[in-house]
Amino acid sequence: VQLQASGGGAVQAGGSLRLSCAASGVTFSRYLMGWFRQAPGKEREFVAVLSWSDDNVYLGDYADSVRGRFAISRGDAKNTWNLQMNSLKPEDTAVYYCAASVQTWPLTTTESLYEYWGRGTLVTVSS
């Protein structure tokens with residue numbers, strides 16, 4: 001199973017970016033799709049998660065720091081998901097990682113419970 005994150009880039013504060021993640025090598029019927037980020041000099045932290053089962057969204061959650069500004073959603077293609085990031089702030093600058101879990105249900109924000117990880121995509125927000 002491989003996850004590939006894309007969509008990172010540089011943007012000014014107040015701008016928007018859309019990250020995408022695609023999973024290959026397997027078809028998940030029930031899983032958690034998540035996003036984490038790691039800012040320079042800091043530990044990786046939870047950003048958003050969405051649980052998906054039988055073509056329906058089950059539950060979702062966000063970090064307090066992004067709630068109301070970021071939105072996670074399933075992509076149009078199977079095993080893809082997106083993170084729409086609006087009203088970006090300089091403190092959102094980080095490498096963003098997509099992650100997936102098929103063993104944990106229905107929801108977790110704990111990094112260690114995600115079995116699959118993408119390589120990360122850099123988001124830089126300038127003031």
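These questions and answers cover the disulfide, the nonpolar core and one sheet of a predicted model.

Me: How many disulfides does the structure hold, and which residues does the disulfide join?
Reply: The structure holds 1 disulfide. Its S to S distance is 2.1 Å, and a pair counts when the sulfur atoms are within 2.5 Å. The residues joined are Cys 21 and Cys 98.

Me: Is the link of Cys 21 and Cys 98 right-handed or left-handed?
Reply: Look at the angle about the S-S bond. For Cys 21 and Cys 98 that angle is 60 degrees. The link is right-handed.

Me: How many residues apart in sequence are the parts that Cys 21 and Cys 98 tie together?
Reply: Cys 21 sits in strand β3, residues 17-24. Cys 98 sits in strand β9, residues 94-101. The pair therefore ties together parts whose separation in sequence is 77 residues.

Me: Is Cys 98 buried or exposed?
Reply: Buried means under 20% relative accessible area. Cys 98 has 0%. Its partner Cys 21 has 2% and is buried. Cys 98 is buried.

Me: Which element gives the largest share of the largest nonpolar core?
Reply: This core has 37 residues, and Trp 35, Ile 72, Trp 81, Leu 83, Met 85 and Tyr 96 have the most contacts inside it. Elements giving two or more residues include β4 (30-38), β5 (45-53) and β9. The largest share is 6 residues, and it comes from β5.

Me: Which residue of β9 is in contact with Met 85?
Reply: Set aside neighbours within four places in sequence. Met 85 is then in contact with Gly 15, Ser 16, Leu 17, Leu 19, Arg 69, Phe 70, Tyr 96 and Val 123. Strand β9 spans residues 94-101. The contact that falls in this range is Tyr 96.

Me: Which are the edge strands of the open sheet of 4 strands?
Reply: The order is β1-β3-β8-β7, with antiparallel pairing. An edge strand pairs on one side only. The edge strands are β1 and β7.

Me: Which residue in β8 stands opposite Leu 19?
Reply: Strands β3 and β8 pair in the antiparallel sense, over 6 bridges. Leu 19 belongs to the β3 range, 17-24. The residue opposite is Leu 83.

Me: Which residues form the covered face of β1?
Reply: In a regular strand, side chains alternate between the two faces of the sheet. The uncovered face of β1 has Gln 2, Gln 4 and Ser 6. The covered face has Leu 3 and Ala 5.

Me: What is the bridge partner of Ser 6 in β3?
Reply: β1 and β3 run antiparallel, joined by 5 bridges. The partner of Ser 6 is Ser 20.

Methods: Residues numbered from 1 in each chain as written. Predicted model: local features only at pLDDT ≥ 70, side-chain atom pairs only at ≥ 80, totals over all residues. Heavy atoms only, no water. Buried < 20%, exposed > 50% of the residue type's maximum accessible area, 1.4 Å probe, protein only. Core = buried A, V, L, I, M, F, W, Y, C linked by side-chain atoms within 4.5 Å. Contact = heavy atoms within 4.5 Å. Pairing = 2+ DSSP bridges.
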